Amino acid sequence: MDMLDRDLLFLVGLVFFPLAFVALVSAWADRRFPWAALILVVLGGLVVGWAQFTHPGDGYDWRNVPNLLLETAARYWPR
């Protein structure tokens, strides 16, 4: 296992996008600028982009994200 697990970072970056949507809706409802949503989108994009471009081969295939989630969870699940 690498020090920086690329698969885990990719999945964490994907989690940032729904959180950004929630922050955007919250800011819109309160009539304020969506700073948190903007930060989450930028961080998520950077992390996902880094993992995608440094992945050996052609990068991640979006159709395999559920399998990637299960494989990554199995790697970190205590036995």
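**Fold and aromatic contacts of a three-helix model**

Phe-33 lies in the loop between α1 (6-30) and α2 (35-54). The model is predicted, with local features requiring pLDDT of at least 70 and side-chain atom pairs pLDDT 80 or more, while totals for chains, interfaces and linings use all residues. Residues are numbered from 1 along each chain, and side-chain values use heavy atoms, without hydrogens or water.

The protein contains 3 helices and 0 strands (DSSP runs of H or I, at least four residues, and of E, at least two, numbered from the N terminus). The radius of gyration, taken over C-alpha atoms, is 15 Å, well over the 12 Å from the globule rule for 79 residues, so the protein is more spread out than a compact globule. That rule is 2.2 Å times the number of residues to the power 0.38. The C-alpha trace spans about 45 × 30 × 25 Å along its principal axes.

The whole structure holds 3 aromatic pairs (ring centres within 6.5 Å, with the six-membered ring used for Trp; stacked under 30 degrees between planes, edge-to-face over 60, tilted for the rest). Phe-10 and Tyr-60 are stacked, at 4.2 Å centre to centre and 20° between the planes. This pair links Phe-10 in helix α1 with Tyr-60 in the loop between α2 and α3 (65-76), 50 residues apart. Both residues are buried (under 20% relative accessible area, against over 50% for exposed and partly exposed in between; 1.4 Å probe, protein chains only). Phe-33 and Trp-35 form a tilted pair, at 4.6 Å and 55°. Trp-35 is exposed, with a relative accessible area of 55%.
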